[in-house]
Amino acid sequence: MSKPTPLSGFPELLPEQRAVEQQVLDTLREVFELHGFGGIETRAVEPLDVLLRKGDTAKEVYLLRRLHETAEEGHAGFGLHFDLTVPFARYVLEHAGHLDFPFRRHQIQKVWRGERPQDGRFREFTQADIDVVGRDVLPAHHDVEVTRVMVDALRRLDFLPGFTLQVNNRKLVVGAYAALGITEPALVDEVMRQVDKLDKLPADAVRDALVGAGLDGPTADTVLALAAIATPDTSFTAEVARVLGDDARERSPLLAEGLDELAALLAGVADLVDDRTRVVADLSIARGLDYYTGTVFETRLDGFESLGSICSGGRYDALATDGRTTYPGVGISFGVSRVVVPLVTRTGLRTDRSVPSAVLVALTDEASRPASDAVAAALRARGVPCEVVASAQRFGKQIRYAERRGIPYVWFPADAEGGTHQVKDIRSGDQQDADPATWTPPTEDLRPRVQAKEQQ
RNA sequence: GUGGGCGUAGCUCAGCUGGUAGAGCGCCGCGUUGUGGUCGCGGAUGUCGCGGGUUCAAGUCCCGUCGUUCACCCCA
């Protein structure tokens, strides 16, 4: 077989890159579970009618088909899931009788989309979702909860650049539009769609589009003035009042509800905010997806703005319904691949070693391999990851073997004549006697650490 | 899916109007035969992404394809 070529949109990482991703995954899971979100996994495949239920035929779904499928097997067919929300909705309905509500879960899995790959956009990629689902009702404090969990998880990934979580509320937007006389559903959708483009198009162009959609000039200006509001605290409520008038809350109960929910969210996460971790109420955030009904999220990563949102989600009052019962939910999804792949390929983010081993046990000669194996076994018994060197070359080469892989310690076993065991820190050159039954490296050397390439 | 840029050594890249493929870094060996890194000396890098075409001659020009990247679409 000739040398295989890469497959577009199906990224693969080298061990020291994958180790970075693995730490992201470990941290996400740990923090999610710290907040009481248990993990589930759904099958990779869903019936096509489930995947396309929302009329999203534009979604590029990969089909699953048996090679020898016959024409008689004329069912709707299967497709690979393109996100984790749709399968989760199906899962909730299917297992509702065995779940306790409100149901919290996290789900970290690969998803597939047949889109054109681009930086941070792939055909196979990993998402990390958390959602809370209620039966019939789900109080608004769960919107705050979900936000807190994800912000907590992201801020603990201390090797990530800083980020800004942008939050808005569709009730606020729809209510405000109603107060402006924009009530026709198709027009509301169109106005939101145009406003959503403000991060790419100049305000003038968006204004023209709004007027083209049927708004008069003053109304378009007010819509843009609203969308320009972005505050790191609850002061957005005063700004909305300034734009729409002090009586706007009375004129639109939906607006009042949205303002209160968004204010509660901002207040509820204030203690998690720091220089790297910012949360802003940004009234230009709309989200193209039409099933969101309240809170909506997007997230920008400092220095990686071109990736778009790395973490998005929101509130859906009808995540799932079986006709009798409706399950409202609120969730947020972190694009693991979207962040990790550009980070490791563009900035050279790596772990400080390419293997898990903290110690390389040297080998005097092949005859003494059992002695080296015994040292390794003693270290492993206390949780020290280690490996025995592949071949009994000169010690200089064995040290170089460790150096290449970033293994910080080399262990020289006692020789047969009754010498002592010695361990060498090859970064400092320090070498001293050590007992395989008790020696342990400092905690920070036990596992690979993530570090920028410049620091290596 | 639509349109543009780019594909040369493991990496970053040079290679003029077509004329026998290069540098730096890295890698391997020796100096130093059981203690690496520094230094010195020596060595190997390669279907020039792949396929086809034009030509006496193609890394160089043309077409296709794959990869990559940017914009649109859409979104993590």
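**View 1. Here S312 meets its partner across two strands.** In this predicted model, S312 stands opposite S333, a residue of β12. The strands to look for are β11 (residues 311–321) and β12 (residues 326–335), which pair in the antiparallel sense over 8 bridges. Helix α12 (residues 336–346) packs on the sheet, where it touches β6 (124–133), β10 (295–301) and β12. The direction of α12 makes about 5 degrees with that of β12.

**View 2. Step back to see the open sheet of 9 strands.** Following the sheet across, you meet the strands in the order β1-β5-β6-β12-β11-β10-β7-β9-β8, and their pairing is mixed. At the edges lie β1 (38–39) and β8 (230–231), each of which pairs on one side only.

**View 3. Now look at helix α3, which is mostly covered.** This helix spans residues 85–95, and 8 of its 11 residues are buried. They are T85, V86, P87, F88, A89, R90, Y91 and V92. Around them, the packing partners are β2 (45–47), α2 (48–51), β5 (103–112), β6, β11 and β12.

**View 4. Finally, visit the largest nonpolar core, with its 59 residues.** L28, F32 and F334 have the most contacts inside this core. Both domain 1 (1–158) and domain 2 (162–302) supply at least three residues to the core. Which residues does F334 touch, not counting those up to four places away in sequence? They are V24, L28, T126, Q127, A128, M150, L154, I310, C311 and V339. A second, separate core has 17 residues, including F103, Y291, Y292 and Y327.

Note on methods. Residues are numbered from 1 along each chain as its sequence is written. Chains are lettered from A and ligands numbered from 1 in the order in which they are written. This is a predicted model: local features need pLDDT of at least 70, side-chain atom pairs count only at pLDDT 80 or more; totals for chains, interfaces and linings use all residues. Side-chain values use heavy atoms; hydrogens and water are left out. A nonpolar core is a set of buried Ala, Val, Leu, Ile, Met, Phe, Trp, Tyr and Cys residues joined through side-chain atoms within 4.5 Å. Buried means under 20% relative accessible area, exposed over 50%, partly exposed in between (1.4 Å probe, protein chains only). Domain bounds come from an automatic or database domain assignment. Contact means heavy atoms within 4.5 Å. Two strands pair if DSSP finds at least two bridges between them. Helices (H or I, at least four residues) and strands (E, at least two) are DSSP runs, numbered from the N terminus. Axes are lines fitted to C-alpha atoms, for helices over the stretch in contact, and angles run from 0 to 180 degrees between N-to-C directions.
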